[in-house]
Amino acid sequence: MLKVYYCSQAEGVPPTFIFFVNNPALVNNGFEKHVKNKNVRKGVSDIMGGQVLEHKGKTIYNAGIKEGIALGEERGMRKANLETARRLRDMGMSDNDIHKATNISFDDLQML
């Protein structure tokens with residue numbers, strides 16, 4: 001069940017609102033239609049002097065997913081480069097050549 005914890009106006013022109021919910025995956029078109037409903041717009045306009053024009057919950061959720069994927073990829077690449085550096089060192093390659101091949105910092109190479 002979708003629970004709305006609170007709503008905050010993120011931008012003034014045009015008025016944009018962010019809804020903080022228990023699970024953004026549960027936000028569906030029905031919720032968006034309800035929020036954009038004429039009566040809801042009127043109520044918000046009467047209280048806050050604005051209109052509900054856009055629901056950004058899914059946008060924020062999707063941006064968070066993309067950020068998490070990018071961070072995971074970055075960590076995975078670093079882990080792979082460190083493993084490659086270990087193998088190259090075991091093969092007798094110099095730290096300078098390992099740095100050139102993997103872009104691992106000399107400080108990190110010293111910790112291997």
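**Note on salt bridges and a surface patch**

1. Arginine 87 is exposed, its relative accessible area being 53%, which places this residue over the 50% cut-off for that class. The model under discussion is a predicted one, and the remarks below should be read with that in mind.

2. The side chain of arginine 87 meets that of glutamate 83 in a salt bridge, with an N to O distance of 3.5 Å. Because the two residues lie four positions apart in helix H3, about one helical turn separates arginine 87 from glutamate 83.

3. Glutamate 83 also meets arginine 86 in a salt bridge, here at 3.4 Å from N to O. These two are three residues apart in helix H3, so that glutamate 83 and arginine 86 are again separated by about one helical turn. Since they share partners, the salt bridges join Glu83, Arg86 and Arg87 into one network.

4. As for how open this network is to its surroundings, glutamate 83 is partly exposed, with a relative accessible area of 32%, and arginine 86 likewise counts as partly exposed, at 38%. Arginine 87, by contrast, is exposed at 53%.

5. The structure holds four salt bridges, and one of them pairs arginine 78 with aspartate 108, whose closest N and O atoms are 2.8 Å apart. This pair links distant parts of the chain, since arginine 78 belongs to helix H3 (residues 57-90) and aspartate 108 to helix H5, with their positions 30 residues apart in the numbering. The side chains of aspartate 108 and arginine 78 are also recorded as making a polar contact, at 2.8 Å.

6. Which of the classes, buried or exposed, does aspartate 108 fall into? Aspartate 108, found in helix H5 (residues 106-110), counts as buried because its relative accessibility is 17%, and the cut-off for that class is under 20%. Its partner arginine 78 is partly exposed, with a relative accessible area of 39%, so the salt bridge between arginine 78 and aspartate 108 joins a partly exposed residue to a buried one.

7. A separate point concerns the nonpolar surface, where Tyr5, Tyr6 and Phe20 form a patch with about 350 Å² of accessible area together. Among these residues, tyrosine 5 is found in strand E1 (residues 4-11), and tyrosine 5 is exposed, as its relative accessible area is 53%.

Conventions: Residues numbered from 1 in each chain as written. Predicted model: local features only at pLDDT ≥ 70, side-chain atom pairs only at ≥ 80, totals over all residues. Heavy atoms only, no water. Buried < 20%, exposed > 50% of the residue type's maximum accessible area, 1.4 Å probe, protein only. Polar contact = N/O pair within 3.5 Å; in protein donor to acceptor, adjacent residues only side chain to side chain. Patch = residues over 30% accessible without salt bridge, like charges linked within 9 Å, V, L, I, M, F, W, Y side chains within 5 Å. Areas by Shrake-Rupley, 256 points an atom, 1.4 Å probe, with all protein chains shown as cover.
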